[in-house]
Amino acid sequence: MKNINQLWAYIFTETLKRLGLACVVICPGSRSTPLAIAFAQQAPDIEAIPILDERSAAFFALGVAKATGRPVAIVCTSGTAGANFYPAVIEAKESRVPLLLLTTDRPPELRDCHSGQTIDQVKLYGSYPNWQAELALPVPDVGMLGYLRQIVIHSWYKTQAPTPGPVHLNIPFRDPLAPIPDGADLSYLLSNFHPEEFFAGINTPFPSPQCQFLIPQVWLQSPRGIIIAGVAQPQQPREYCQAIASLSQTLQWPVLAEGLSPVRNYADLNPYLISTYDLILRNPQLAKQLSPDMVIQVGDMPTSKELRTWIDTNQPRRWVIDPSDQNLDPLHGRTTHLRMRVEDLGVGGEKSAAFSEYLQLWCIAEAQVRANVDDTLDKMQELVECKTAWLLSQILPPQTPLFIANSMPVRDVEYFWKPNNLGVRSHFNRGANGIDGTLSTALGIAHRHQSSVMLTGDLALLHDTNGFLMRNKFVGHLTIILINNNGGGIFEMLPIANFDPPFEEFFATPQDIDFAQLCTTYSVQHELITSWQHLQQKLNPLPTTGIRVLELQTNRKFDAQWRKENLGKLSLQ
């Protein structure tokens, strides 16, 4: 060790390695030199991935953490570099993803004096981190090395408990930043430093408390109850779906499964699965007949405005099952929050009366509306974007990781995703619901995993084209299904669409991009899809390496008109 910065960075990265850190994303810069070098020296135990754009880098790290369920670290230099992490920090907080944000900084004497590349980085991300701290400046003292070790251990813990999320450490360094002598005599400190003894107290996993909660009698006694399987990305989806199925069969309640819940991809486990609830509830007569008196919500509330309005109107007693410490009730109802995993719910107790009239009403409605949807979309030959989600639910290879972009793709998945037994692993950024970081997150999910697919609109992809810059460091395959309707199709569904101007210029915002040329710029494969058969041929099997774009060109005016004319009709019996 030639200087104290080098020793400090070694203690930092070695502690993280022993805690179990497997991946760090490093953005280029000068002030972060000690950490960048130390992380590079931890290979192959820690994979260090250099990514130019900090916003893309943070979303890529978010994607890796989503896919693995393990914290990912990300490093940047001082100044505005760390500010570019902010959107991913917000998403990590809201969607409960473990991220360790390491912003390096100038020392205190170089702040507030117009020294270059210096901003106030303390509490840079406001209230979004689970925990945040500024480290002391590196000093050659064994007691301070113990302090550093403990801060890193605590930071690792706080990325995962009591609820997963981001942790921010601001790390100041004085010069010299490169591994050159700084004039300090480290010989005595290093001669008395014994790594195995120093790091002996570090444990990789920490136990999570398990408790079992028995089903309340009020559930067993309710004849008009529903289970909502909401937005969720569990690490063990089959076990998650099995737990929901066991609860459903014990209570004889239907399971209204969001397209962004794994329940629709393990359909055989849930005999009372309702996938068309949004369309069913567009029928006023059915909505009234099916009004519940009790609702169990597992995970986040589904996207459907129809469902939310229906619950808000009926004001049933509600229970939310989720281990987080967050408030998951945007409807502010009569709600009890059970802060636990659904897998830990005890399903003992006597079953309700078999196949109640209420359950039968739901199952009959589902069968009819599902048949209407399948028949309508099966006959549709023109490239209308809403058919894409329906087709994907039937043709993707088993277990495929699928990243679903915000705006219309997540809604089309909720409306049209057909129940299946393919075990598709759906991912999405539904914490803050933004379109930023879409491509980078998908690449993070696909990195070193099974060949993956991303479903996106044109604006979401264009918002993050810098994600293509990581193509040379990306290991694996990602197919991007691009719905190109030249603008923001979701705005066509809003009242403002009737006011043009200013609608087309300020809301639809068409960009008129030639995506074939764009892909050529980044050396990414591009192919224009001309039919549904063409798309199906390209998705099964999937390639094993590289990035490619399959572009479907659609007409958003036609698509919006189709939705207005047909969504309501699909629920007619």
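I began with strand 12, where the bridge partner of Met294 is Arg317; helices (H or I, at least four residues) and strands (E, at least two) are DSSP runs, numbered from the N terminus. Before going on I noted that this is a predicted model, in which local features need pLDDT of at least 70 and side-chain atom pairs count only at pLDDT 80 or more, while totals for chains, interfaces and linings use all residues. Residues are numbered from 1 along each chain as its sequence is written, and side-chain values use heavy atoms, with hydrogens and water left out.

**Strand 11 and its sheet**

I followed Met294 to the other neighbour and found Gly225 opposite Met294. Strand 8 (residues 225-229) pairs with strand 11 in the parallel sense over 5 bridges, and strand 11 pairs with strand 12 (residues 317-321), also parallel, over 5 bridges; two strands count as paired if DSSP finds at least two bridges between them.

I then looked up the burial of strand 11 (residues 294-298): 5 of its 5 residues are buried, so the strand is largely enclosed by the rest of the structure. Buried here means under 20% relative accessible area, against over 50% for exposed and partly exposed in between (1.4 Å probe, protein chains only). In a regular strand the side chains alternate between the two faces of the sheet. In strand 11 both faces are covered, with Met294, Ile296 and Val298 buried on one side and Val295 and Gln297 buried on the other.

Strand 11, helix 12 (residues 305-314) and strand 12 make a right-handed β-α-β unit, right-handed meaning that, with the strands pointing away from the viewer, the path from the first strand over the helix to the second runs clockwise.

I placed these strands in an open sheet of 6 strands, paired in parallel in the order 10-9-8-11-12-13. Strand 10 (273-274) and strand 13 (335-338) stand at its edges with a single partner strand each, so one side of each has no neighbour in the sheet. At the strand 10 edge, 2 bridges join strand 9 (residues 255-257) to strand 10 in parallel, and Val255 stands opposite Leu273.

**The sheet with strands 1 to 6**

I also traced an open sheet of 6 strands in the order 2-1-3-4-6-5, with parallel pairing. Its edges are strand 2 (47-50) and strand 5 (131-134), each with a single partner strand, so one side of each is left without a neighbour in the sheet. Neighbouring strands of this sheet are turned by 15° against each other on average, direction ignored; axes are lines fitted to C-alpha atoms, for helices over the stretch in contact, and angles run from 0 to 180 degrees between N-to-C directions.

Within it, strand 4 (residues 99-105) and strand 6 (residues 166-172) run parallel and are joined by 7 bridges, with Leu102 opposite Leu169. Helix 5 lies across strand 4, strand 5 and strand 6, at about 160° to strand 5. In helix 5 (residues 142-158) I looked up Trp156, which is buried with a relative accessible area of 5%.

**Helix 14 against helix 20**

Helix 14 (residues 386-395) and helix 20 (residues 532-539) pack at about 40°, their axes 11 Å apart. The two helices are therefore oblique to each other, since angles under 35 degrees count as roughly parallel, over 145 as roughly antiparallel, 65 to 115 as roughly perpendicular and the rest as oblique. I listed the contact residues (heavy atoms within 4.5 Å) as Lys387, Thr388, Leu391, Leu392 and Ile395 of helix 14 and Trp532, Leu535, Gln536 and Leu539 of helix 20.
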